[in-house]
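The following exercises introduce the reader to one protein structure. Each task is followed by a solution in steps.

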Amino acid sequence: MSTSEPVTEPAEEFTVAQAQVDGGGEVANGSPLAETEYKVEVKLADMQADPNNPLYSAKSFEELKLSDELLKGIQHMNFRKPSKIQEKALPLLLLDPPTNMIAQSQSGTGKTAAFSLNILSRIDISRVEPQALALAPSRELARQILGVITHMGQFMEGLKTMAAIPDPSRRNQRFEAHVLVGTPGTVQEQLRRKLIKADGIKILVLDEADNMLDQQGLGEQCTRVKTLLPKSIQTVLFSATFPPAVINYANRFAPNANVLTLAHEELTIEGIKQLYIDIDKDNDKYATLLKFYGLMTQASSIIFVRTRRTAEELEKRMVAEGHKVAQLSGALEGPERDRVIDQFRSGEAKVLITTNVLARGIDVESVTMVINYDVPTMADGREADPETYLHRIGRTGRFGRVGVALTFVHDRQSWEQLHAIANYFKTDLHPIDTSDWDNVEEMIQNIIKSSRAGKSTKEMTEMITGL
Ligand SMILES: Nc1ncnc2c1ncn2[C@@H]1O[C@H](COP(=O)(O)OP(=O)(O)OP(=O)(O)O)[C@@H](O)[C@H]1O
């Protein structure tokens, strides 16, 4: 061995017990599914029977030609019927010869399972080497996807899955697993160091693909990763959003792909009730937030802010006043980030303050309220960022559940930004009248409660149109 070669360690595989999955998996979070399962199922069955609903499907999982092991995995996750994206994407993904895909579907409609089932269907279990690689923009999302794949594939005997995310304690590990899920920087580095063997890789998935291709740094890393993989791979791009600016790039990244897209007017989720509060001054935002604290802890909530600094300041202030909150931003080290998200997922922490780092993909079913403390904007801080708004509010209302998305506006600029977002999606945002707090509390409490009681979205709309 030459001295420049890394000293490699055997791979440490990921286990089902570590899997981070919600939505009916065994590893549940703060809101115990058992309490609501029956009612939620009733509602879900109605939604899945409605052809206009993104959760609708005419077919069963059995009809999608999946292996018995995978059908067992799906059953174990309590999935009864596929969603629309699963039903449409899977047959195209499973075509032989494999074909590239660019696919879009609303937040929380089961895109992860769609690409995971393709990955698991194509694995040759007898060869323990990387055969599929899924990339995500954050370590939390990569860990979550890994959890879904591991959980879903638990009946495939011998299946090995691993995370490829920054981990200084395992810098020299070899990635001896069938499926790898990671972040682009780490994967690129480990491919370059030959700790990830590239020549057996058949599938490359980019989750949150528009973000991955569009963001400076991430886009270059993804392109580099792709050039280090075999030419013949199946490239699969998934996201809830594909803004026009990235479509061309996506088409080049995944040439001749089967394309499933939606118009942006179709992207809002009916179960997410979008509200806003007009606050007089910036200073009053914090006081207003505190008024919501009791409501925020009834299930779980995420507060999105623009900068790491605001996240840290809010955390400090709230903790100093005796409120129990967790905070996660890119300023924290990996293990600390893992600890915070795990606490939130388990329900130990009910309120999470974060930046756009967690705007995408994170799936915690107990989240009933998302607060946009700062309206999402582009990097310049001026122009509204509708895509990020959609991803942020999509952390609630997962797979037919209901939730509240509340945005704070405090001046003309933030009001105009929110207005631009509403226009973009052609959606109605309901103002909250802050002069009558009892009424506000009651209304939000009703929405939150109804998410547990499985109230229909029609009833939900009636509940807030009185505002
Ligand atoms: N067929 C199904 N039946 C029941 N639940 C499902 C089904 N498919 C997925 N789910 C659940 O729905 C939730 C949302 O799925 P997922 O995280 O894949 O959404 P997504 O479309 O990737 O959302 P986002 O755009 O926010 O990343 C998960 O908790 C998942 O377990």
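Contact means heavy atoms within 4.5 Å. This is a predicted model, in which local features need pLDDT of at least 70 and side-chain atom pairs count only at pLDDT 80 or more, whereas totals for chains, interfaces and linings use all residues. Residues are numbered from 1 along each chain as its sequence is written, and side-chain values use heavy atoms, with hydrogens and water left out.

**Exercise 1. The nonpolar core**

Identify the residues that L117 touches, and place L117 within the largest nonpolar core.

Step 1. Leaving aside residues up to four places away in sequence, L117 touches F61, L66, L70, I74, L90 and M152.

Step 2. A nonpolar core is a set of buried Ala, Val, Leu, Ile, Met, Phe, Trp, Tyr and Cys residues joined through side-chain atoms within 4.5 Å. Buried means under 20% relative accessible area, exposed over 50%, and partly exposed in between (1.4 Å probe, protein chains only).

Step 3. The largest such core has 56 residues, and L117 is among those that touch the most other members, together with L66, I119, V179, V181 and F238. Helix α5 (residues 139–152) supplies the largest share of this core, seven residues. Helices (H or I, at least four residues) and strands (E, at least two) are DSSP runs, numbered from the N terminus.

**Exercise 2. Helix α3 and strand β1**

Determine which residues of helix α3 are buried, and what covers them.

Step 1. Helix α3 spans residues 84–93, and its buried residues are I85, Q86, E87, A89, L90 and L93.

Step 2. Their cover includes the strands β1 (101–104), β6 (234–239) and β7 (258–260), as well as α4 (111–121).

Step 3. Strand β1 is itself covered on both faces: M101 and A103 are buried on one side, I102 and Q104 on the other. In a regular strand the side chains alternate between the two faces of the sheet.

Step 4. Two strands pair if DSSP finds at least two bridges between them. Four bridges link β1 to β6 in the parallel sense, with Q104 partnered by S239. Three bridges join β1 to β7, also parallel, and here M101 stands opposite N258.

**Exercise 3. The seven-stranded sheet**

State the order of the strands in the open sheet, and describe the surroundings of β12.

Step 1. The order is β10-β11-β9-β12-β13-β8-β14, with parallel pairing. The edge strands, each pairing on one side only, are β10 (326–328) and β14 (430–431).

Step 2. At the β10 edge, three bridges join β10 to β11 (residues 351–354), and L328 stands opposite T354.

Step 3. Strand β12 is joined to β9 by five bridges and to β13 by four. M369 of β12 is the bridge partner of S301 and also stands opposite V404 in β13.

Step 4. Six of the six residues of β12 are buried, so β12 is largely enclosed by the rest of the structure.

Step 5. Helix α10 (residues 284–291) lies across β8 (272–278), β9 (300–304), β12 (367–372) and β13 (403–409), running at about 160° to β13. Axes are lines fitted to C-alpha atoms, for helices over the stretch in contact, and angles run from 0 to 180 degrees between N-to-C directions.

**Exercise 4. Residue D68**

Is D68 buried or exposed?

Step 1. D68 is found in helix α2 (residues 68–76).

Step 2. With a relative accessible area of 61%, D68 is exposed.
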